[in-house]
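I am opening a notebook page for this structure and will write down what I looked up, entry by entry. The sequence and the model come first, and my notes follow.

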Amino acid sequence: MTTATDLAEAQLRLPSERRPTEGGGFGRVLKPLFGTPINAVISLACLTLLWLSAKGAYGWLVTRAVTEGGPQACKAGQGACWPFYEAKLRFMLFGVYPYEEHWRVILAMGLFMAAIAVTMIPRFWDRRLLALWGVTVLATGLLISGGLFGLRYVPTTQWSGLPLSFLLTAVGLAFGFPLGVVLALARSSKLPAIRVLAIVFIEVIRGVPLISILFMASVMLPLFMPDGLTIDKLLRAQIAIIIFAAAYIAEAVRGGLQAIPRGQHEAANAMGLHYWQAMRLVVLPQALKIAIPPLVNISIGFFQDTTLVTIIGLLDFLSTIRTAMQDPNWVGIAVMEGYLFAAFVYLVFSYGMGAYSRFLERRLRLGHD
């Protein structure tokens with residue numbers, strides 16, 4: 001006599017393409033959402049909120065939006081103020097950089113982004129990247145600062161907006177990464193003096209907020225300089241960001257080093273590799289692969305933390321947006337528009353870095369070794 005258990009076992013023995021399905025693919029998708037009364041209520045509530053949010057956003061951005069006119073038209077309207085972007089977009093992006101020289105910043109950022117795009121492709125990971133970045137850095141610096149080849153000189157006090165935030169982040173991480181790796185190796189060293197110095201440096205830097213280090217670099221550092229010798233304010237801020245980034249990167253890399261089995265070190269020693277060869281060829285490649293998620297998290301955080309440079313008088317991207325909203329003609333009119341634009345730009349860059357992190361994890365088979 002056939003029982004229910006026998007029927008269930010027979011269904012499990014059937015090939016997957018011949019097994020009966022409940023509602024097909026659409027049913028499998030809906031079942032987790034509406035499988036129980038509680039799931040159904042939560043799902044319906046979430047869908048309702050999503051619908052109301054999308055409907056309100058569409059009405060504010062499109063239906064009720066003000067597309068023509070000036071501040072008075074936006075003040076009388078009930079939707080998004082698109083004329084604000086038309087009037088203030090270039091200032092929000094480039095700040096006080098000379099208006100007629102914006103093409104130089106656009107070209108420099110285009111070259112920089114192109115170099116980053118090439119660097120993100122694994123098949124180009126060789127020594128040619130050093131030459132590419134050397135040319136890119138020289139070209140970017142020449143275009144932004146000028147002073148040669150007939151280009152008007154622009155002092156660093158006028159570097160502002162999104163390019164400034166982007167350069168502070170890119171340069172800070174580019175120089176902070178190798179310094180952080182060295183600090184991580186020093187903290188893991190068997191030499192007491194080197195290990196203690198690395199621990200003190202890392203813990204002191206991590207023990208104070210970035211805003212304090214920026215303040216000290218801007219205010220305290222000039223007090224220790226000889227008379228007549230000054231350091232550019234932007235350079236001081238950049239050095240502070242590099243030092244701060246190195247301390248956090250060192251801890252992320254140290255976590256990766258600790259995750260490497262002791263057998264890997266012993267295998268490198270058995271092959272006759274000395275310390276630096278073992279680190280470069282065996283240990284560090286594996287440790288850096290493990291440290292990809294925290295390193296990307298640090299990168300995203302530092303891109304957003306560049307807004308703190310406003311305390312030392314530099315106009316980063318968020319500062320230029322706030323300045324644009326404080327224009328007497330637009331004050332109190334386009335507050336939502338300004339902050340939404342800032343949120344959109346930060347979201348695009350942050351999501352891009354996160355997506356590339358996931359790509360690297362898949363390519364390097366993180367967690368499947």
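**Entry on a salt bridge within one helix.** I began with Glu251 and Arg254, whose side chains meet in a salt bridge with N and O 2.9 Å apart. When I looked up their places, I found both in helix 11 (residues 233-258), three residues apart, which is about one turn of the helix. I note that the model is a predicted one, and I read each value below as computed from that prediction. For Glu251 I looked up the relative accessible area, which is 18%, and because buried means under 20%, Glu251 counts as buried. I then followed the pair outward and found that Glu251 and Arg254 belong to a network of salt bridges that also links Arg187, Glu203 and Arg206.

**Entry on salt bridges between separate parts.** How many salt bridges does a search of the whole structure find? The search gives eight, and I looked up two more of them. In one, the side chains of Asp327 and Lys88 meet at 2.5 Å, N to O. Asp327 lies in the loop between helix 15 (317-325) and helix 16 (335-363), while Lys88 lies in helix 5 (residues 82-94), so this pair ties together parts that are 239 residues apart in sequence. I checked the cover of each partner and noted that Asp327 is buried at 17% relative accessibility, and that Lys88 is buried with a relative accessible area of 14%.

In the other, Arg152 forms a salt bridge with Glu100, with the closest N and O atoms 2.5 Å apart. I placed Arg152 in the loop between helix 7 (128-145) and helix 8, and Glu100 in the loop between helix 5 and helix 6 (102-119), so the pair ties together parts 52 residues apart in sequence. Here I found Arg152 partly exposed, with a relative accessible area of 40%, and Glu100 partly exposed as well, at 49%.

**Entry on the loop between helix 7 and helix 8.** I stayed in this loop to look up Phe149, which is also placed there. Its phi is near 55°, a positive value in a residue other than glycine. Is Phe149 buried or exposed? With a relative accessibility of 73%, Phe149 counts as exposed.

**Entry on the cavity.** I next searched for enclosed space and found that the structure holds one cavity of 30 Å³ or more. The largest cavity has a volume of about 60 Å³. I listed its lining as Phe94, Tyr97, Val105, Ile144, Trp159, Ser160, Pro163, Leu164 and Leu167. By class, I count eight nonpolar residues in that lining, one polar and no charged. Which helix gives the most to the lining of the largest cavity? I found that helix 8 (residues 162-187) does, with three residues.

**Entry on a pocket.** I then turned to the second largest pocket, which has a volume of about 400 Å³. It is lined by 16 residues, and those closest to its centre are Lys190, Arg262, His265, Tyr275 and Met279. When I looked up which helices take part, I found that helix 11, helix 12 (262-270) and helix 13 (275-290) each supply at least two residues of the lining. I sorted the lining of this pocket by class and noted eight nonpolar, six polar and two charged residues.

**Entry on two pairs of C-alpha atoms.** I returned to helix 11 for Gly256, which has its place there and is buried, with a relative accessible area of 2%. Gly256 and Pro294 are 38 residues apart in sequence, and I noted their C-alpha atoms as 9.7 Å apart in space. I also looked up Ala65, in the loop between helix 3 (37-63) and helix 4 (71-76), where it counts as buried at 18% relative accessibility. From Ala65 to Trp82, which are 17 residues apart along the chain, the C-alpha atoms are separated by 7.2 Å.

**Entry on the surface.** Last, I looked for a nonpolar patch on the surface and found one formed by Phe215, Met216, Val219, Met220, Leu223 and Phe224, with about 630 Å² of accessible area together. I picked out Met220 and placed it in helix 10 (residues 210-220). Met220 is partly exposed, with a relative accessible area of 33%.

Conventions:
Residues numbered from 1 in each chain as written. Predicted model: local features only at pLDDT ≥ 70, side-chain atom pairs only at ≥ 80, totals over all residues. Heavy atoms only, no water. Patch = residues over 30% accessible without salt bridge, like charges linked within 9 Å, V, L, I, M, F, W, Y side chains within 5 Å. Areas by Shrake-Rupley, 256 points an atom, 1.4 Å probe, with all protein chains shown as cover. Salt bridge = Lys/Arg side-chain N within 4 Å of Asp/Glu carboxyl O. Helix = DSSP H or I, 4+ residues; strand = E, 2+ residues; numbered from the N terminus. Buried < 20%, exposed > 50% of the residue type's maximum accessible area, 1.4 Å probe, protein only. 1 Å grid on protein atoms, 1.4 Å probe; cavity = no way out; pocket = protein on both sides within 12 Å on 5 of 7 lines; lining within 4 Å. Points joined across faces, edges and corners; volume = space filled by probe spheres on them. Nonpolar A, V, L, I, M, F, W, Y, C, P; charged D, E, K, R; others polar.
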